[in-house]
Amino acid sequence: MRMVDIIENKRDGRELSTEEIQFFIKGYTDGSIPDYQASALMMAIFFQGMTEKERADLTLAMVQSGDQIDLSEIEGIKVDKHSTGGVGDTTTLVLGPLVAALDVPVAKMSGRGLGHTGGTIDKLESVKGFHVEIENQEFIDLVNKNKVAVIGQSGNLTPADKKLYALRDVTATVDSIPLIAASIMSKKIAAGADAIVLDVKTGAGAFMKTLDDSRELAKAMVRIGNNVGRNTMAVISDMSQPLGYAIGNVLEVKEAIDTLKGEGPEDLTELCLTLGSHMVYLAKKANTLKEAREMLQGVINDGTALKVFKTFLSSQGGDASVVDDPSKLPQAKYLIELEAKEDGYVSEIVADEIGTAAMLLGAGRATKESVIDLAVGLVLRKKIGDQVKKGESLVTIYSNFEDVEEVKTKLYENITISSKKVPAPVLIHEEITE
Ligand code: URA
Ligand code: CA
C-alpha cells in the first residue's frame with residue numbers, strides 16, 4: 001500500500017477502505033508517513049468529507065494508536081460526559097457527585113485547562129490537599145467504593161490524534177466536521193467509556209458558533225459512537241453567554257457546591273439535570289428520562305449529592321470542610337464592581353470575550369506554561385434579559401491586583417445594554433439520540 005494512492009483516492013472522492021485508514025494512522029504515528037503527505041490527506045478530507053464508515057474507521061484507528069484505559073473492573077455501565085468547551089462551565093464538578101449519588105460510576109480522566117479558566121483538575125486542586133496523581137488500581141477501587149474519582153491524564157492515549165491535531169492546527173484543516181468528530185470521540189473511547197453523553201455548545205463562546213454547525217457536529221459524533229458500539233447521545237446547549245454566574249476556578253467550585261445544594265444558578269442547574277438524566281438513563285439506572293430527573297432532584301433535595309461530593313474530596317486528600325465553609329478556599333484580595341452606565345436590559349454578554357477578561361485576571365492559561373491564579377475571576381450579577389439600573393453592578397471582578405482598567409474596558413465592550421426588553425436565550429436547543 002502506498003500513501004500517495006490513499007491521498008489520490010480521497011482527492012478524487014473515493015471512499016477509503018478500513019485497511020487504507022489503518023495504514024495511514026499507523027504510519028503517521030510511527031513516523032514512516034511524513035507530515036507533507038498527512039497534510040495533503042487532511043486537506044483532501046477537508047474538501048471531500050468522509051462517509052460514516054470512514055469516520056468510524058478513523059476513530060477506531062486513532063483509539064488503537066495508543067493505550068486504552070481498561071475500566072472493566074469497575075462495576076456498572078461507565079457513562080462519560082464530554083463538553084465541547086465553554087465559558088464558566090462547571091457542569092463536570094456538579095455532575096460527577098450528582099450521578100454518583102445514584103450509583104452511576106463516574107471514572108473521570110481529566111486534564112488542565114488552556115484558555116478562559118482552568119480545567120476540572122485545576123478547579124479541584126483549589127481544595128487544599130486534593131490530588132489526582134493516584135495509581136490506576138487506587139482509581140478503580142475509589143470508583144467502586146465512592147462511585148466517583150478523578151485521575152490525571154496518564155499513559156499514551158491517542159498519540160495519532162495528538163500529532164494530527166497539531167498538524168491540522170497549522171494547515172487550516174481543523175474546521176472539518178468528520179475530523180473534529182473522530183478526534184473527540186477517539187479520546188473518549190480510549191478513556192474507557194461504555195456510554196457517552198455529549199454537551200455540544202453553540203454560540204459566541206463555543207467552538208461551533210451556529211446551531212447548524214453544532215447540530216452537524218453533534219450528529220457526526222453520535223453516529224460514530226453508536227457505530228463503534230458505545231451508546232452515545234448529544235445535547236446542544238447555549239454558549240452565547242457564560243453558563244451560570246461564576247467564571248474562575250474557586251468561584252466555579254463555589255458555584256458547583258451551591259448547585260449541589262439546590263441553590264445554584266437556574267441555567268447551570270437545568271443543564272446538569274438534563275445531562276445527568278441522560279447519563280442515568282444510559283447507565284440503565286432509570287427507565288425513563290423523567291424518572292431519572294426526579295431521582296436526581298431527589299438526591300439534591302435530601303443532601304446525598306453534597307455528601308458524595310465531600311466523600312469524593314476527602315478520599316483524594318482534599319479538605320472537605322470547604323463545602324460547608326467556602327471561605328477556606330483561596331480568596332482574591334480585591335472585589336471590584338463593574339457599574340452599569342445606563343438603565344435598560346442586558347441584551348448581550350459575549351461569552352468568549354468574557355472568558356478572555358477572566359484570563360487577563362489570571363484565571364486561565366494563555367499558554368501551557370502559564371501559572372493560574374485560582375482565586376480570581378468574574379461573577380456576573382446580570383444575565384441576558386435582566387433589567388438593570390444605572391450604577392447597579394453588572395459584574396463583580398475578583399482580582400489579586402488593584403488596577404483592573406483593561407479588564408473593565410473589555411467587559412464594557414462585551415456587555416450590551418439595550419432600551420428594549422430582550423428574552424433570555426434558549427438553553428437547551430436540541431437532544432440528539434441517533
Ligand atoms: N477538539 C478536539 O479535541 N479535536 C478537534 O479536532 C477539535 C476540537
Ligand atoms: Ca459558571
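## Charges over rings

Lysine 341 sits over the face of tyrosine 412, 3.9 Å from the ring centre. Keep in mind that this is a predicted model, so every value here is computed from predicted coordinates.

A second lysine does much the same job of placement: lysine 383 lies over the face of tyrosine 245, with 5.8 Å to the ring centre. The cut-off for a charge over a ring is 6 Å from the centre, and the 5.8 Å of lysine 383 falls within it.

## Aromatic pairs

Moving on to rings with rings, there are four aromatic pairs in the structure. Phe130, Phe309 and Phe312 are joined by ring pairs into a cluster.

## The calcium site

Ligand 2 is a calcium ion, and its protein donors are Gly88 (O), Leu243 (O), Ala246 (O) and Glu255 (OE). These donors lie 2.3 to 2.5 Å from the ion. Along the chain, their spacing reads G-x154-L-x2-A-x8-E.

What about burial? Two of these residues, alanine 246 and glutamate 255, are both buried.

## The second largest pocket

If you're after a pocket to look at, the second largest one holds about 310 Å³ of space. Its lining has 16 residues, and Gln241, Glu266, Asp267, Lys383 and Ala424 are the ones nearest the centre. Lys383 is also the lysine over tyrosine 245.

By chemistry, the lining splits into nine nonpolar residues, six charged and one polar. Helix 12 (residues 266–282) gives the largest share of the lining, with three residues.

Methods: Residues are numbered from 1 along each chain as its sequence is written. Chains are lettered from A and ligands numbered from 1 in the order in which they are written. This is a predicted model: local features need pLDDT of at least 70, side-chain atom pairs count only at pLDDT 80 or more; totals for chains, interfaces and linings use all residues. Side-chain values use heavy atoms; hydrogens and water are left out. Rings of Phe, Tyr and Trp (its six-membered ring) pair if their centres lie within 6.5 Å; planes under 30 degrees apart count as stacked, over 60 as edge-to-face and the rest as tilted. A charge sits over a ring if NZ of Lys or CZ of Arg is within 6 Å of the ring centre and within 35 degrees of the ring normal. Donors are N, O and S atoms within 2.8 Å of the metal (3.2 Å for Na, K and Ca); water is not among the atoms, so sites may look incomplete. Buried means under 20% relative accessible area, exposed over 50%, partly exposed in between (1.4 Å probe, protein chains only). On a 1 Å grid over the protein atoms alone, a cavity is a set of points where a 1.4 Å probe fits but cannot get out, and a pocket is an open set with protein on both sides within 12 Å along at least five of seven lines; lining residues have an atom within 4 Å of a point. Grid points are joined across faces, edges and corners, and a volume is the space filled by probe spheres set on the points. Helices (H or I, at least four residues) and strands (E, at least two) are DSSP runs, numbered from the N terminus. Ala, Val, Leu, Ile, Met, Phe, Trp, Tyr, Cys and Pro count as nonpolar, Asp, Glu, Lys and Arg as charged, and the others, Gly among them, as polar.
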